[in-house]
Amino acid sequence: GKGTYPFFMLKEIDEQPVVMRRLVEKYTDGHGNVVLPEALLAALKQADRLYIVAAGTSYHAGLVGKPLFETLAGVPTEVDLASEFGYHIPLLSKHPFFIFLSQSGETADIRQVLVKIKALGHPTLTITNVGSSTLAREADYCLELHAGPEIAVASTKAYTGQIGLEALVAQGLGIAKGNQKAAEFDAAHQLGLAAAGQQALIDQKDRLHEIATDMFKTTRNAFYIGRGTDYYASLEAALKLKEISYVQAEGFAAGELKHGTISLIEKDTPVVAYISDPVTAAHTRSNADEIAARGGKVLRIASASQATDEDQLVVNDIDPLVSPLLTIIPGQLLGYYTSVDRGYDVDKPRNLAKSVTVE
Ligand code: F6R
């Protein structure tokens, strides 16, 4: 049950630090070494390209997987929407390996792809929160998130769980391939940092409620911007806001603003700017300034090393490869409190189902 929580979503947001620590427990040997099933590792090593296929929030977690696998394991990775991929199978590499990300393990769009890919004889891995699910059973390999049941329709702990597990698998594969970048990265340590940083944000709930009320209570639209993994977090934060509060929200690559989107900015248009990656912070900050100069209402969320006095919210420093583990927490809580402020049933948004078993 949800205990003293008004909604499952808030309970599941709160569980995320525990999910991070549990992943480390399940997938490392206690000395920071990633442990994966031998057969899976052998199959992954053969791959010349990874195809991550998913839907919705899991697709957004997949996007974060691309730089993780490319950087740590040195393997080109593409991320596809299951509902598109199923009908337009692209030209595949010689030794493709498929990773299906699905909280429920029941998403029909993914199953359609899985069936086609198996018929072609390519290896498949399902990463899921439900070990007894269809996609878990039908893929060659399965890794579980161990996040505990996710009840709220809006996915939270499965998203961060998927990113955490992608980091572990990418490092495990990189080490197995002798990749230097993987040796320099410490996924277990990063997930520990993530757990602590998430808790620090969760502890600021009341402030995030105030910010949500100020930014979103009466707005019809909202934007999230960022670059790289901050962009991927923007997409997911916007989805959280739209699906449970019915605010039309979009995530944009900050650099694309000047190529069209900035014309949407009016007086008091709410814009959340993610400024966590040191490499891109200055550029995104100047985009935020341009928006503010046009009357937009800007909320700046920065990492500790990049923060200035104008930033309303600071997240702890963490490797930018996994920064959405932290930056998404305010995105989740802003969506949650906007839904609460508007009096909606947070756990059961209109028109949506927890697992989408039709194409
Ligand atoms: C968003 C949400 C959906 C799911 C999507 C995929 O909060 O819940 O977008 O992420 O339907 O579901 P799974 O991960 O079960 O395949």
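Start by selecting Y336: at 2% relative accessibility Y336 is buried, where buried means under 20% relative accessible area, exposed over 50% and partly exposed in between, with a 1.4 Å probe and protein chains only. Add Y337, which is also buried at 8% relative accessible area.

Before going on, note that this is a predicted model, in which local features need pLDDT of at least 70, side-chain atom pairs count only at pLDDT 80 or more, and totals for chains, interfaces and linings use all residues. Residues are numbered from 1 along each chain as its sequence is written, and side-chain values use heavy atoms, with hydrogens and water left out. The mean pLDDT, the predictor's per-residue confidence from 0 to 100, is 97 for the protein, and 100% of its residues reach 70 or more. The model scores are ipTM 0.98 and pTM 0.98.

**Rings**

The structure has eleven aromatic pairs. Rings of Phe, Tyr and Trp (its six-membered ring) pair if their centres lie within 6.5 Å; planes under 30 degrees apart are stacked, over 60 edge-to-face, and the rest tilted. Select F216 and Y224 for a tilted pair, with 6.5 Å between centres and 35° between planes. F216 is buried at 0% relative accessibility, and Y224 is buried at 0%. Return to Y336 and Y337: their ring centres are 5.0 Å apart and their planes are at 80°, so this pair is edge-to-face.

Next, select Y51, F85, F98 and F100, a cluster linked by ring pairs. Then go to Y246, where the charged end of R350 sits over the ring, 3.7 Å from its centre. The criterion is NZ of Lys or CZ of Arg within 6 Å of the ring centre and within 35 degrees of the ring normal.

**Core and strands**

A nonpolar core is a set of buried Ala, Val, Leu, Ile, Met, Phe, Trp, Tyr and Cys residues joined through side-chain atoms within 4.5 Å. The largest has 90 residues, of which F97, I99, L143, L165 and Y224 touch the most other members. Helix α8 (residues 157-176) contributes the most to this core, nine residues; helices (H or I, at least four residues) and strands (E, at least two) are DSSP runs numbered from the N terminus. A second, separate core has 14 residues, including F223, A288, V298 and A302.

Show the contacts of Y224 (heavy atoms within 4.5 Å): beyond four places in sequence, among them are F216, F252, Y274 and L334. Now colour strand β6 (residues 221-226), in which five of six residues are buried. Six bridges join β6 to β7 (residues 248-253), and the two run parallel; strands pair if DSSP finds at least two bridges between them. A222 has A249 as its bridge partner in β7.

**L68**

Move to L68 in helix α4 (residues 56-72). L68 is buried at 0% relative accessible area. Leaving aside residues up to four places away in sequence, L68 touches A73, I163, E166, A167, A170, L321 and V322. Measure from its C-alpha to that of T229: the separation is 10 Å, with the two positions 161 residues apart along the chain.

**Two backbone stops**

Most residues other than glycine have a negative phi. Select H146, whose phi is positive at about 55°. H146 is in the loop between β5 (141-144) and α8 and is partly exposed at 25%. Finish at D268, where phi is near 70°. D268 lies in the loop between β7 and β8 (270-275) and is partly exposed at 42%.
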